[in-house]
Amino acid sequence: MTATDDLADLRPRDNPAANRFEVEVEELVALIDYRRAGQTLYLIHTEVPDALEGRGVGSMLVRYALEQIAARGEALVPLCPFVAGYLRRHPEYVGLVSDRYKGKESLRRDA
């Protein structure tokens, strides 16, 4: 995959056995670790291998995770700075954030 390739061909998935969302690209795995507490997912850490950085893989994976959370009627807590940054840039997903976490410093657009 090059920087100009279409991300639409990637097949991200939820891997509940490993507590992570993941996508394989060029035999490398990008992931978002999470922990579940009832109907809330705590998105803890996003990891994109160095060879895949700058290609939009991380953002695509966050978008996938948010869409899955929305489809299941769950809430999230964005403990990962990458996920919090994505939410600041895409306020259409902020409604998924757990009510107890809304208004936190990391979600402010000017943070």
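Y34 is a buried residue in this predicted model, with a relative accessibility of just 1%. A good way into the structure is to ask which ring Y34 pairs with. The partner is F21, and the two form a tilted aromatic pair, with 5.1 Å from centre to centre and 45 degrees between the planes. The two residues belong to distant parts of the chain: F21 sits in strand β2 and Y34 in strand β3, 13 residues apart. F21 is buried as well, because its relative accessibility is 0% and the cut-off for a buried residue is under 20%.

F21 also takes part in a second pairing, this time with Y64. The centres of these two rings are 6.1 Å apart and their planes stand at 80 degrees, so the pair is edge-to-face, a label used for angles over 60 degrees. Here, too, distant parts of the chain are linked, since Y64 lies in helix α1, 43 residues from F21 in strand β2. Taken together, F21, Y34 and Y64 form one aromatic cluster. A search of the whole structure finds three aromatic pairs.

Helix α1, the home of Y64, spans residues 57-71. This helix meets helix α2, residues 81-89, and the axes of the two come within 10 Å and cross at roughly 80 degrees. That angle makes α1 roughly perpendicular to α2, because it falls in the range from 65 to 115 degrees. Which residues make the contact? On the side of α1 they are G58, S59, V62, R63 and L66, while α2 contributes F82, V83, Y86, L87 and R89. Sorted by character, the residues of this contact divide into six nonpolar, two polar and two charged. A general feature of helices is worth keeping in mind when looking at such lists. An α-helix has 3.6 residues a turn, so residues three or four places apart point the same way.

The second helix can also be viewed from its buried side. In α2, the buried residues are V83, A84, G85, Y86 and L87. These buried residues pack against β4 (40-47) and β5 (75-78) as well as α1. V83, Y86 and L87 were already met above as part of the contact with α1.

Back in α1, Q68 offers a view of a residue that is not fully hidden. Q68 is found in this helix and is partly exposed, with a relative accessible area of 24%. Along the sequence, Q68 and R13 are 55 residues apart, yet in space their C-alpha atoms are separated by 9.3 Å.

Finally, two loop residues stand out for their backbone angles. N19 has a positive phi of about 55 degrees although it is not a glycine. Where is N19 placed? N19 lies in the loop between β1 (13-15) and β2 (20-25). With a relative accessible area of 27%, N19 counts as partly exposed, because this value falls between 20% and 50%. E27 is another residue other than glycine with a positive phi, in this case near 65 degrees. E27 is located in the loop between β2 and β3 (28-37). Is E27 buried or exposed? E27 is exposed, because its relative accessible area of 73% is over the 50% cut-off.

Terms used. Residues are numbered from 1 along each chain as its sequence is written. This is a predicted model: local features need pLDDT of at least 70, side-chain atom pairs count only at pLDDT 80 or more; totals for chains, interfaces and linings use all residues. Side-chain values use heavy atoms; hydrogens and water are left out. Helices (H or I, at least four residues) and strands (E, at least two) are DSSP runs, numbered from the N terminus. Buried means under 20% relative accessible area, exposed over 50%, partly exposed in between (1.4 Å probe, protein chains only). Rings of Phe, Tyr and Trp (its six-membered ring) pair if their centres lie within 6.5 Å; planes under 30 degrees apart count as stacked, over 60 as edge-to-face and the rest as tilted. Axes are lines fitted to C-alpha atoms, for helices over the stretch in contact, and angles run from 0 to 180 degrees between N-to-C directions. Angles under 35 degrees count as roughly parallel, over 145 as roughly antiparallel, 65 to 115 as roughly perpendicular and the rest as oblique. Contact means heavy atoms within 4.5 Å. Ala, Val, Leu, Ile, Met, Phe, Trp, Tyr, Cys and Pro count as nonpolar, Asp, Glu, Lys and Arg as charged, and the others, Gly among them, as polar.
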